[in-house]
Amino acid sequence: MSVCVVLLSNTDLSIVRPKVFYRLVDSLMFYDYTPMNRYVCMENGREDPSRPQGVETINSIQNNRILIIDDNRAIHEDFRKILLKSAEQTDEMVEAEAALFGVAPETFQLPTFEIDSAYQGEEGLDLIEKSLREKRPYAMAFVDVRMPPGWDGVETTSKIWQRYPDLQVVICTAYSDYSWEEMLKRLGYSDKLVILKKPFDTIEVLQLAISMTEKWRLYQQAKSYLGDLKRIVEERTSQLQITNAELTEANQSLMVATEKAQQMAEAALVATKAKGEFLANMSHEIRTPMNGVIGMVNFLLETNLSEEQREYANTVKVSAEALLFIINDILDFSKIEAGKMTLERQAFNLRNTVKNAIDLLAFQARTKGVALSYAFKENLCTDVIGDSNRLRQILLNLVGNAIKFTAKGNVRLEIDPVRQSDEDVQIKFSVIDTGIGVSPEAQKKLFQSFSQADASTTRKYGGTGLGLAISRNLVELMGGSLDLTSKLGEGSTFFFVLSLPKNNAASDRLPVALVEYPAKSVAAPASSSGIRVLLAEDVKINQMVATRLLQQLGCSVEVANNGIEAVEAWRKKKYDVILMDCQMPEMDGSQATQLIRTLELKENRSSTPIIALTANSMEGDRERCLIAGMTDFVSKPINKDALGAALKRAISMAPV
């Protein structure tokens with residue numbers, strides 16, 4: 001804590017320019033008050049460069065009102081002489097100042113004080129009350145200690161501060177009535193209290209008046225700043241409270257929205273699961289009778305029929321296959337929509353995949369009189385890795401559409417290398433037709449689900465409008481994009497580019513190859529004669545179809561009506577292959593397979609190949625069959641070629 005000492009002169013300097021020197025004991029610093037209302041920091045008589053120089057005080061109203069409270073009227077006159085005296089310098093004082101401070105003499109005016117007098121403490125308090133009511137408060141008061149017969153100076157000061165705590169007070173005392181300690185005990189330590197010991201010097205009074213009124217002004221200024229700061233803080237606090245309330249409300253709304261979204265998501269998951277289960281059940285229920293329809297029609301077509309009967313049977317077959325195609329499209333679309341469509345990654349020969357797809361469509365093109373061809377460009381590597389089944393599905397959709405919408409002319413599939421490296425090959429597939437074409441307006445919605453060029457197209461050509469949507473999604477799953485160019489009435493080109501890893505274990509590079517159709521019929525698989533097959537199937541029609549197909553493939557067949565009968569038959573007799581339907585009463589195919597595998601281990605019997613026969617074709621069906629212990633999977637309606645290939649695979653894997 002710095003102690004402030006007022007340096008006084010024995011000379012009457014009341015008319016001299018008031019140089020106020022405050023010495024801070026701990027730092028030896030002086031402050032010079034000039035008539036321009038400046039404070040300049042001085043240290044050892046020199047300006048301190050580390051402090052702001054010539055800083056103007058903040059402009060505010062200077063309150064020079066002073067109250068004198070003393071019972072001696074002569075004292076009042078002395079104070080007035082000191083505080084209201086003219087401030088012109090005499091020549092002697094000018095010379096003294098020049099000699100003392102080494103500066104040129106200046107002329108100036110002392111502050112103008114407004115003096116009021118009270119002769120008792122009670123009267124002084126009344127004047128204080130009045131000044132506050134008039135909003136013209138006093139800045140300071142000189143209060144005498146001894147003022148009989150009323151309040152003394154200490155009591156007067158105490159009562160005034162109760163009413164007006166901002167007043168700067170100078171108590172004038174000779175310490176005959178109160179000691180310093182006694183005054184502090186009654187008034188406490190206060191920065192608004194100064195003790196002036198009698199007799200006092202005139203310059204001492206003048207300097208105290210100047211300093212204390214200035215101190216009052218600075219104190220009021222600080223209070224104003226604090227009030228402004230408090231108001232700003234309150235405003236900011238209010239704004240923050242409003243903002244917090246809004247954030248709280250927003251958070252509550254967000255929580256409600258999040259909870260609602262979560263409920264909707266859970267409901268969507270339940271709906272998706274229900275939808276998947278529904279589609280799986282519908283797939284099974286539709287495919288089961290379709291297996292009977294298509295199987296029996298195929299058998300019927302192999303008998304001696306009249307031309308009219310054969311035409312009717314062919315119509316049934318085409319209609320059933322079209323219905324099966326629609327079912328497959330809907331199931332594929334459902335898988336894609338649910339994000340459950342996955343791709344296989346296996347080595348395959350691109351030439352064989354393309355040939356198989358085109359072979360399946362050759363009859364359709366030949367029937368319409370449309371020339372169908374495909375061509376590989378020179379030196380294209382065709383041994384690649386990917387999902388050949390999904391690629392074949394894309395080509396079947398695009399080429400099938402091209403044939404459907406081409407009345408005359410040709411449909412051509414071109415397979416061109418875009419880029420080849422040691423690791424992969426980038427291939428462009430283009431399906432070009434001379435069909436009806438697609439208008440620019442129809443092209444915008446052509447790849448949307450359940451969409452065709454227009455309603456008349458649907459009526460004339462049929463279809464679900466899912467083929468192109470499925471194809472585009474499959475191409476995108478493979479990392480490519482499907483697009484088209486078309487001119488109405490002149491034809492269309494659908495194209496996509498895929499990057500496929502090379503199968504470096506093989507090295508099939510084709511020269512330029514052009515294959516034109518009508519193509520030769522695809523040879524049926526070689527006979528599987530002599531294979532002993534146990535057929536586990538509960539539906540009589542499906543038993544008839546499967547038995548007839550197996551007999552055509554040269555197999556001997558025995559039938560079990562459910563899983564229990566299948567296990568009992570297997571225990572009594574050795575079979576080369578078991579065809580196991582997945583859904584059967586009493587014991588289903590998975591349970592029967594698991595029991596057979598368990599018994600094989602327990603009885604140390606060789607493993608019998610078990611092929612799943614199922615109308616289920618949803619995502620995961622094949623995996624569930626393999627997990628149950630089955631070795632292969634054939635989907636209903638049963639295709640004779642697919643069944644023959646599965647039997648061959650089973651026999652080749654069977655232990656010798």
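## Strand pairing: S13 and S16

Two strands pair if DSSP finds at least two bridges between them. In this predicted model, strand S13 (residues 371–376) and strand S16 (residues 410–420) meet that rule. They pair in the parallel sense over 6 bridges. One of the matched positions involves Ala371, whose bridge partner in S16 is Asn410.

How well covered is S13? The strand is mostly covered, with 5 of its 6 residues buried.

## A parallel open sheet

Further along the chain sits an open sheet of 5 strands. Their order is S23-S22-S24-S25-S26, and the pairing is parallel. Which strands form the edges? They are strand S23 (556–560) and strand S26 (632–635), and each pairs on one side only. Neighbouring strands of the sheet are turned by 25° against each other on average, direction ignored.

Within this sheet, strand S24 (residues 577–581) pairs with strand S25 (residues 610–614). The sense is parallel, and the pair is joined over 4 bridges. Ile578 stands opposite Ile610 in S25. In a regular strand the side chains alternate between the two faces of the sheet.

## Helices on the sheet

Helix H13 packs on the sheet. It touches strand S22 (532–536), S23 and S24. The direction of H13 makes about 160° with that of S23.

Helix H15 (residues 589–603) packs on the sheet as well. H15 touches S24 and S25, and its direction makes about 145° with that of S24. S24 is thus touched by H13 and by H15.

## Where H13 meets H17

H13 (residues 540–552) also packs against helix H17 (residues 640–653). The angle is about 65°, and the axes lie 10 Å apart. The crossing of H13 and H17 is right-handed.

Which residues make the contact? H13 supplies Leu549, Leu550 and Gln552. H17 supplies Lys640, Leu643 and Leu647. By class, the contact has 4 nonpolar, 1 polar and 1 charged residues.

## Salt bridges

Side chains of opposite charge can pair when their charged atoms come close. The count for this model comes to 24 salt bridges. One of them joins Asp576 and Arg532, with the closest N and O atoms 3.1 Å apart. This pair links distant parts of the chain, 44 residues apart. Asp576 lies in the loop between helix H14 (563–572) and S24, while Arg532 lies in strand S22. Arg532 has a relative accessible area of 35%, so it counts as partly exposed.

Helix H15 holds a salt bridge between Glu600 and Arg597. Their closest N and O atoms are 3.1 Å apart. The two residues are 3 residues apart, about one turn of the helix. Are they buried or exposed? Both Glu600 and Arg597 are buried.

Glu603 forms a salt bridge with Arg605, the closest N and O atoms being 3.7 Å apart. Why does Glu603 count as partly exposed? Its relative accessibility is 33%, and the partly exposed class lies between 20% and 50%. Arg605 is partly exposed too, with a relative accessible area of 27%.

Elsewhere in the chain, salt bridges join into a network. Its members are Arg65, Glu114, Asp116 and Arg136.

Terms used: Residues numbered from 1 in each chain as written. Predicted model: local features only at pLDDT ≥ 70, side-chain atom pairs only at ≥ 80, totals over all residues. Heavy atoms only, no water. Axes fitted to C-alpha atoms, helices over the stretch in contact; angles between N-to-C directions. Left-handed = near helix turned anticlockwise from the far one by under 90°. Contact = heavy atoms within 4.5 Å. Nonpolar A, V, L, I, M, F, W, Y, C, P; charged D, E, K, R; others polar. Buried < 20%, exposed > 50% of the residue type's maximum accessible area, 1.4 Å probe, protein only. Salt bridge = Lys/Arg side-chain N within 4 Å of Asp/Glu carboxyl O.
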